[in-house]
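I opened the model to look up its core and a few residues around it. My entries are below.

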Amino acid sequence: MASGNLWQLFKGITEQGAKQLATVIDRQGSNYTVTMQGGGNTIVQSNAAYELQSKVFIRDGQIVAQAPNLTYTEIDV
């Protein structure tokens, strides 16, 4: 059985910032300019190297992972 306050343990797991999808459009050292999925550009940081036009996940101003390069398709039913 877990010790401590279960609510505090749960909050510690879930209170991370949300990941957002973005596309890399420029790199200057460890700073990357990315276009967010919903529109708009922002500058984020990463020590890892990412190629231009690659999709990445962003959290709290940092690139946290490479995102899969999937094609968006909308189907009306």
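The entries cover the core, then three single residues.

Setup. I am working with a predicted model, in which local features need pLDDT of at least 70 and side-chain atom pairs count only at pLDDT 80 or more, while totals for chains, interfaces and linings use all residues. Residues are numbered from 1 along each chain as its sequence is written, and side-chain values use heavy atoms, with hydrogens and water left out.

Core. I looked up the largest nonpolar core (buried Ala, Val, Leu, Ile, Met, Phe, Trp, Tyr and Cys residues joined through side-chain atoms within 4.5 Å). It has 10 residues, among them Ala-22, Tyr-32, Val-34 and Ile-63. Two or more residues come from each of strand S1 (20-28), strand S2 (31-36) and strand S4 (55-59). S2 gives the most, three residues. Strands here are DSSP runs (E, at least two residues), numbered from the N terminus.

Val-34. I listed its contacts (heavy atoms within 4.5 Å), leaving aside neighbours within four places in sequence. They include Ala-22, Thr-23, Val-44 and Ile-58.

Thr-23. I found this residue in strand S1. Thr-23 has a relative accessible area of 16%, so it is buried (under 20% relative accessible area, 1.4 Å probe, protein chains only). Beyond four places in sequence, Thr-23 is in contact with Val-34 and Gln-53, among others.

Ser-46. I placed this residue in the loop between strand S3 (41-45) and S4. Ser-46 counts as buried because its relative accessibility is 5%. Its side chain reaches the backbone nitrogen of Ala-48 at 3.1 Å. Not counting residues up to four places away, Ser-46 touches Ser-30, Tyr-32, Gln-62 and Ile-63.

Note on methods: Buried means under 20% relative accessible area, exposed over 50%, partly exposed in between (1.4 Å probe, protein chains only). Helices (H or I, at least four residues) and strands (E, at least two) are DSSP runs, numbered from the N terminus. A polar contact is a pair of N or O atoms within 3.5 Å; within protein, one must be able to donate a hydrogen and the other to accept it, and residues adjacent in sequence count only if both atoms are side-chain atoms.
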